[in-house]
Amino acid sequence: MKIALFGGSFDPPHLGHNAIVFNALEYLDIDKLVIMPTFISPFKQKFTANEQMRLKWCEAVWANIPKVEICDFEILKQRPV
């Protein structure tokens, strides 16, 4: 199985994120695209929304798309990964 990972803060998810998702699904030879919001991004000191809200946003935007899975692995770690 070929899997691609797309991590980010998704604070909030925007059209650029959406373009990446749909381009990955169209142009990459993958069986699954895993979208993984960060708990804390190493590139940011704070977020506008907490991690649970950002996870819910990702689920609302992309969870019903075939071949897409939303993963809470980094959020469950409760630390930068």
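Buried means under 20% relative accessible area. That cut-off comes up several times in this note. The structure discussed is a predicted model.

1. **F10, a buried residue with an unusual backbone.** F10 has a relative accessible area of 0%. Buried means under 20%, so F10 counts as buried. F10 belongs to the loop between strand 1 and helix 1. Its phi is positive, about 50°, although F10 is not a glycine. Most residues other than glycine have a negative phi. This backbone angle deserves a look in the viewer.

2. **The cis bond at D11 and P12.** The peptide bond joining D11 and P12 is cis. Its omega is about -5°. Most peptide bonds are trans. P12 sits in the loop between strand 1 and helix 1. F10 is found in that loop too.

3. **The sheet.** The model has an open sheet of 3 strands, in the order 1-2-3, and the pairing is parallel. Strand 1 and strand 3 are the edge strands, each pairing on one side only. On average, neighbouring strands are turned by 20° against each other, direction ignored. Strands of a sheet pair through backbone hydrogen bonds, either parallel or antiparallel.

4. **How the strands are joined.** How many bridges join strand 1 to strand 2? There are 6, and the two strands run parallel. Here I3 stands opposite K32 of strand 2. Strand 2 and strand 3 also pair in the parallel sense, over 3 bridges. L33 has V68 in strand 3 as its bridge partner.

5. **Helix 1 over the sheet.** Helix 1 lies across strand 1, strand 2 and strand 3. Its direction is at about 155° to strand 2.

6. **The two faces of strand 1.** In a regular strand the side chains alternate between the two faces of the sheet. Strand 1 shows this alternation. Which of its residues are buried? A4, F6 and G8 are, and they point to one face. I3, L5 and G7 point to the other face and are not buried.

7. **A nonpolar patch on the surface.** M1, I3 and L5 make a nonpolar surface patch of about 390 Å². L5 is part of strand 1, which spans residues 3-8. Is L5 buried or exposed? L5 has 63% relative accessibility, and exposed means over 50%, so L5 counts as exposed. I3 and L5 both point to the face of strand 1 whose listed residues are not buried.

8. **Salt bridge D29 to K2.** Side chains of opposite charge can pair when their charged atoms come close. The count here is 2 salt bridges. One of them joins the side chains of D29 and K2, at 2.5 Å from N to O. D29 lies in the loop between helix 1 (15-27) and strand 2 (32-37), and K2 in the segment before strand 1, so this pair ties together parts that are 27 residues apart in sequence. D29 is exposed, with a relative accessible area of 57%. K2 is partly exposed, at 43% relative accessibility.

9. **Salt bridge E69 to K32.** The side chains of E69 and K32 also form a salt bridge, at 2.9 Å from N to O. This pair links distant parts of the chain: E69 is in strand 3 (residues 68-70) and K32 in strand 2, 37 residues apart. E69 is partly exposed at 33% relative accessibility. K32 is partly exposed as well, at 24%. Recall that K32 is also the residue opposite I3.

10. **T38 and its contacts.** Where is T38? T38 is in the loop between strand 2 and helix 2 (51-62). Its relative accessible area is 9%, so T38 is buried. Leaving out residues up to four places away in sequence, T38 touches G8, S9, F47, E51, R54, E74 and I75. One of these contacts, G8, is among the buried residues of strand 1.

11. **Q78, another positive phi.** Q78 has a positive phi of about 55° and is not a glycine. Q78 belongs to the segment after helix 3 (73-77). Is Q78 buried or partly exposed? Q78 has a relative accessible area of 45%, so Q78 is partly exposed. F10, by contrast, is buried at 0%.

Definitions and conventions. Residues numbered from 1 in each chain as written. Predicted model: local features only at pLDDT ≥ 70, side-chain atom pairs only at ≥ 80, totals over all residues. Heavy atoms only, no water. Patch = residues over 30% accessible without salt bridge, like charges linked within 9 Å, V, L, I, M, F, W, Y side chains within 5 Å. Areas by Shrake-Rupley, 256 points an atom, 1.4 Å probe, with all protein chains shown as cover. Salt bridge = Lys/Arg side-chain N within 4 Å of Asp/Glu carboxyl O. Helix = DSSP H or I, 4+ residues; strand = E, 2+ residues; numbered from the N terminus. Buried < 20%, exposed > 50% of the residue type's maximum accessible area, 1.4 Å probe, protein only. Pairing = 2+ DSSP bridges. Axes fitted to C-alpha atoms, helices over the stretch in contact; angles between N-to-C directions. Contact = heavy atoms within 4.5 Å.
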